[in-house]
Amino acid sequence: MTDRNLVTPAENTWCPGCGNFSIEFALKAVISDLVRGGQSLDEIVLVTGIGCHAKMADYLNINSFYSLHGRTIPAATGIKLANPKLKVICCAGDGDCYAEGLDHLIFAAKRNIDISVIIHNNRVYGLTTGQYTPTSPLGFRGRSTPGGTTELPINPLELMLASGATFVARGYTRKMEQLRSLVMQGLAHRGFSFIDLLQICATYNNTTDYYNEHVYDLENHDISSFEDAFTKAREWDYNADARIALGLFYQHVMPTYEDRVFAHPPDNTDRLKGIEEILQKKM
Ligand code: SF4
Ligand code: MG
């Protein structure tokens, strides 16, 4: 098993310099490591949304499901519940998962379903040529906002922590070793893992210089402290001078959604009886 086995013959159409290449590289490396360690490749499934990120399903030679825009999480949830043995990875975009798919993301975190969500957060709609997304900075000029956005961006880490996510991390596509490590840790986590990846969009939002100047690695950080994680997540506020922490912010192990669903299978008998009684009365 080599990384080469994981590549399909599909022509790669990402722009030169796109951060998606780093994410593909990290995923290949991590999946190869897992398979070498005994994980069955047949039991890994990738779910993508719609956007530049979604081509990952074309390029990685693994079981995959190309879902609808914003709908990676419901598809992944269904796959996981149908076969809890599967390791389910969701790759989604910021426009994909923080806009149309936001409610699904919040509920997946709340449920602690055992899936790994990797957000290719380039803070722009790349595939549709440069419209603003929920994480675009204030004043962002793009196709749909030529005069600059008048909205402040959301803070995905803060949102995920508040929603109950049990693994919350942030990486950057120009920091490969850390990116690979975070993906490996996220996939190893039992429960809902969330990684917000600051991804360079070389064509419509090239923030490389800005990130290079502002990112730093979390050190001596207590990943078991929700309060510390929240404080660090809030550090990168709307101020352009703020520092941007990278690494694992928070990890907490607790029963998963599947644990609860399968430990207490719903007993429909009484419910159906109730419905039958109501119907009888109406007749
Ligand atoms: Fe990557 Fe941006 Fe090109 Fe899409 S438009 S492939 S995100 S560089
Ligand atoms: Mg995007």
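Is cysteine 52 buried, partly exposed or exposed, and at what relative accessibility? In this predicted model, cysteine 52 counts as partly exposed because its relative accessibility is 21%, where the cut-off for a buried residue is under 20%.

**Cysteines**

Cysteine 90, in contrast, is buried, with a relative accessible area of 0%. A disulfide is a covalent bond between the sulfur atoms of two cysteines. A search of the whole structure finds zero disulfides, and for cysteine 90 the nearest cysteine sulfur, which belongs to cysteine 97, lies 7.2 Å away, whereas a disulfide would need the two sulfur atoms within 2.5 Å.

**Helix α5 and its surroundings**

Helix α5, which spans residues 102-111, has Leu105, Ala108 and Ala109 as its buried residues. These residues lie on the same side of α5, because they cover an arc of only 100° around the axis. The elements that cover them include the helices α3 (72-82), α4 (94-100) and α6 (156-163), together with the strands β4 (116-121) and β6 (193-198). Just after α5, asparagine 112 takes a positive phi of about 60°.

**Salt bridges**

The structure holds nine salt bridges, and three of them are set out below with the separation of the closest N and O atoms or the N to O distance.

| Basic residue | Acidic residue | N to O distance |
|---|---|---|
| Arginine 36 | Aspartate 33 | 2.9 Å |
| Lysine 85 | Glutamate 43 | 3.6 Å |
| Lysine 80 | Aspartate 114 | 3.6 Å |

Arginine 36 and aspartate 33 both belong to helix α1 (residues 20-36), and because they are three residues apart there, about one helical turn separates them. Arginine 36 is exposed, with a relative accessible area of 52%, while aspartate 33 is partly exposed at 27%. Through salt bridges that share partners, Asp33, Arg36 and Arg180 are joined into one network.

The salt bridge between lysine 85 and glutamate 43 links distant parts of the chain, for lysine 85 sits in the loop between α3 and β3 (87-93) and glutamate 43 in the loop between α1 and β1 (44-48), 42 residues apart. Lysine 85 is exposed, with a relative accessible area of 60%, and glutamate 43 is partly exposed, with a value of 26%.

In the salt bridge between lysine 80 and aspartate 114, lysine 80 lies in helix α3 and aspartate 114 in the loop between α5 and β4, so the pair ties together parts that are 34 residues apart in sequence. Both lysine 80 and aspartate 114 are buried.

Conventions
Residues numbered from 1 in each chain as written. Chains lettered and ligands numbered in written order. Predicted model: local features only at pLDDT ≥ 70, side-chain atom pairs only at ≥ 80, totals over all residues. Heavy atoms only, no water. Buried < 20%, exposed > 50% of the residue type's maximum accessible area, 1.4 Å probe, protein only. Helix = DSSP H or I, 4+ residues; strand = E, 2+ residues; numbered from the N terminus. Arc of directions from axis to C-beta. Contact = heavy atoms within 4.5 Å. Salt bridge = Lys/Arg side-chain N within 4 Å of Asp/Glu carboxyl O.
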